[in-house]
Amino acid sequence: MNRSFARYLPILTWGRAYNRAALTNDVIAAIIVTIMLIPQSLAYALLAGLPPEAGLYASIVPIMLYAVFGTSRALAVGPVAVVSLMTAAALSNIAAQGTMGYAVAALSLAGLSGIILVAMGVFRLGFVANFLSHPVIAGFITASGILIAASQIKHILGVSADGHSLVELIVDLLRHVPQTNPITLAIGLGATAFLFWVRKGLKPLLHRLGLRGTLADVLVKLGPVVVVFATTYLAWAFDLAERGVKIVGAVPQSLPPFTMPSVSPDLIMQLLVPAFLISLIGFVESVSVAQTLAAKKRQRIDPDQELIGLGAANIGAALTGGFPVTGGFSRSVVNFDAGAETPAAGAFTAIGLAIAALVLTPLIYFLPTATLAATIIVAVLSLVDFSILKRSWQFSKADFAAVLATIIITLLAGVEAGVSAGVGLSILLHLYKSSKPHVAEVGRVPGTEHFRNILRHEVITDPHVVTLRLDESLYFANARYLEDKIYDRVARDKAVRHVILLCSAMNDIDLSALESLEMINARLHEMDVRLHLSEVKGPVMDRLMKAHFLSELSGKVFLSQFEAAQFAKGQNAGPLSEAQAERCAT
C-alpha cells in the first residue's frame, strides 16, 4: 500500500529525506527562477492571446501540483513558447482574443489536456510519445520558433497583423508596415538588442570583471527584468501610451482565482484533437528535458508518472485561470544550474510568483507590449536549429524528408497541421523502415564460427545453402517482404537445397508473420528446398511452440548458426533435440 502511494505521490519519497541543506539550495534556485519567470510568464500569455495575468496564474498552482505528483527533481513547469502558440492556434477558430469565450476555451483546453495526460499515465501509455521521432520534433520546434518570432513582429512595429501561417503573417505585416509606430519600433528593437547582448555578451563581461558563479548567473537572469523596468519607466515618464505605444494596462492584483472550464460537448469536441496534440508535444518536450537533467545526477524519472504530474499541473491551470502548461527547457536548466535539489524548488518558485501577483502587478501597468514581444523573440530563436537538416541529410535521407516536410507544413499551414504531419510522418517513417527491414545473406568467416554479410566480408559459402539474417522483428508489415526476398534468392539459383533463416535479431513474431513462415515452408518444400531456423530467441520460440509450424517444418531448428550450416552440409552436427529447443526458449 505504501509503495503504491509512493508511486503516485513521489513527494512521499523525496520528502522523507528533505533536510536543511536541500531547503537552502531549493530556495536559492527558486529565487533565481522566479526572477526569470515573471517577464517570461507575462510574455507567453501574450503569445497565447490571453491577458498577462493568465501567465502568472498558469505558473503558480501548476508548479505546486507538479511538485507533488512529478518525479523530476529539476523540471520547472509553466507556460512555454510552443504550447502557447499551439493554444492560440487552437482557440483562434473558436472565439476572438480578448473575449470571455476565448478565456473559457483556454481553461477547457488546459483541463482537457490534463485529463488526457492523467489517463495516459494511469494506463501507462507513455510509450505513445516514442512514435514521435526526435528529428521530426526538432523540425516542428524549429518551424514553430520561426512562426512565434514572426507573430511577435507586429508588437515590435506597433501594428495589427494576423495569420496562422508564415505566408499569412508576412503578407499581413507588409500590408500594415506603413502604420508602424516609430517609438514602439525603437523600444522593441532596443529591448531585443539588449536581451540578445545579455544572453551572449553579459556573462563574458562579468567574468572579465571577476564576477563568477551564482552571482554572475543571477545578474544574467536579471536581464529581462532590467529591460522590463527600464521600458516601463520610459513609458510612464514620457506618457508613451498617449503617443500610440501599446502597454499592458491594468493587471488584477490578486492570487489566482478559482475558475471552471466549460463542459459544453460542442466545445470539447472542437478542442479534443488540439488538446491531444498539445499533450503529446508537451509531454515529449518535458520528458526529454527531465531525463537529460536527471541523468546528470544519476537519477531517474518515471515517464508514466510524469504524465500524471503534467496532467495534474494542467488541471490546476484550468481551475485557476491559466492555460496549457508543460516543462520548459530554459527554466528547467536554470533551475538545475541554480542548485535545485528537489521539486520543492518549484513550490518555492510558485510562492515567489504569488507574491509578485499580489505586490508587483501594479508596477507593470505601463509595460510596453513590445518589450514582452522582444522577450519572446529572444527566447524562441534559441529553439531554431537548422543544423537538424544537415545532420539528417547526412545520416538518413528518409529522416531528412520527414524533417523538411514537417518544417514546410508547419510554416505554410500552421502549427496544428505541422504537429499532425509530424505525428503522421513519424509513424509512417517507422512503418516504412520496419516494413522493409535489412535482410543480409551471410557466410562463415574463415577460421571462426561467426557469420557475416557476404557483401561486407570475405566469407565461406556453400552453393547448396543460403543463410539469410533478418535484422528486425517479424510482423504483418514486413512478413511479405521476407517472403519475396527468399523466393527471389532461391528462384535464381537452382542449386540451392537448404535455406537457413538466422533469427538472432528477431525479437517478436505475430500471427501474420507465422502464417508467412508456414507459406514459405510449404513453397520451399514444393521446390525441394528445406527451411531451417537458427539462433531463435526464447520469446519467439515460445510463440512457435504454441503453433503447428515446428511439426510441419521441413528442416530443423538449431541452437547456433554454425550447427545449422554444418548440418546442411551433411556433416554430423545434429539439430536441436526437443529438449534443447525447450531450453532455447529462455
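The crossing of α5 and α14 is right-handed, a crossing being called right-handed if the near helix is turned clockwise from the far one by less than a right angle, and left-handed if anticlockwise. Helices in this account are DSSP runs of H or I with at least four residues, numbered from the N terminus. The model is a predicted one, in which local features need pLDDT of at least 70 and side-chain atom pairs count only at pLDDT 80 or more, while totals for chains, interfaces and linings use all residues. Residues are numbered from 1 along each chain as its sequence is written, and side-chain values use heavy atoms, with hydrogens and water left out.

Helix α5 (residues 61–69) and α14 have axes that come within 8 Å and cross at roughly 155°; axes are lines fitted to C-alpha atoms over the stretch in contact, and angles run from 0 to 180 degrees between N-to-C directions. The two helices are therefore roughly antiparallel to each other, given that angles over 145 degrees count as roughly antiparallel, under 35 as roughly parallel, 65 to 115 as roughly perpendicular and the rest as oblique. On the α5 side, Val61, Pro62, Leu65, Tyr66 and Phe69 take part, and they meet Gln305, Glu306, Ile308, Gly309, Leu310, Ala312, Ala313, Gly316 and Ala317 in α14, with contact meaning heavy atoms within 4.5 Å. By class, this contact of α5 with α14 has 10 nonpolar, three polar and one charged residues. In this scheme Ala, Val, Leu, Ile, Met, Phe, Trp, Tyr, Cys and Pro count as nonpolar, Asp, Glu, Lys and Arg as charged, and the others, Gly among them, as polar.

Helix α14 (residues 303–319) also packs with α13, their axes coming within 11 Å and crossing at roughly 120°. That angle makes α13 oblique to α14, and α13 passes α14 in a right-handed crossing. Here Pro303, Glu306, Leu307 and Leu310 of α14 are met by Phe283, Ser286, Val287, Ala290 and Gln291 of α13. The contact of α13 with α14 comprises six nonpolar, two polar and one charged residues.

Further along the chain, helix α19 (residues 397–413) and α20 pack at an angle of about 165°, and their axes are 8 Å apart. This makes α19 roughly antiparallel to α20. The passage of α19 across α20 is a right-handed crossing. Among the contacting residues of α19 are Ala398, Ala402, Ala405 and Ile409, while those of α20 include Val415, Gly418, Leu425 and Lys433. Together, the residues of the contact of α19 with α20 divide into 10 nonpolar, four polar and two charged.

Turning to enclosed space, the structure holds three cavities of 30 Å³ or more. On a 1 Å grid over the protein atoms alone, a cavity is a set of points where a 1.4 Å probe fits but cannot get out, a pocket is an open set with protein on both sides within 12 Å along at least five of seven lines, and lining residues have an atom within 4 Å of a point. Grid points are joined across faces, edges and corners, and a volume is the space filled by probe spheres set on the points. The largest cavity has about 50 Å³ of space, and its lining includes Ser72, Arg73, Ala290, Lys297, Phe336 and Glu341. Helix α13 (residues 265–296) gives the most to this lining, with three residues. In the second largest cavity lies about 40 Å³ of space, lined by residues including Val83, Leu117, Phe283, Asn314 and Thr326. Again α13 gives the most to the lining of the second largest cavity, here with four residues. That lining has five nonpolar, five polar and no charged residues.

As for the open sites, the largest pocket has a volume of about 860 Å³. It is lined by 34 residues, of which Met36, Arg199, Lys221, Ser330 and Val334 are the closest to its centre. With six residues, α15 gives the most to the lining of the largest pocket, which divides into 20 nonpolar, seven polar and seven charged residues. The second largest pocket holds about 670 Å³ of space. Its lining has 28 residues, and Ala88, Gln97, Lys154, Asp162 and Gly163 lie nearest its centre. The largest share of this lining, five residues, comes from α8. By class, the lining of the second largest pocket has 12 nonpolar, 12 polar and four charged residues.
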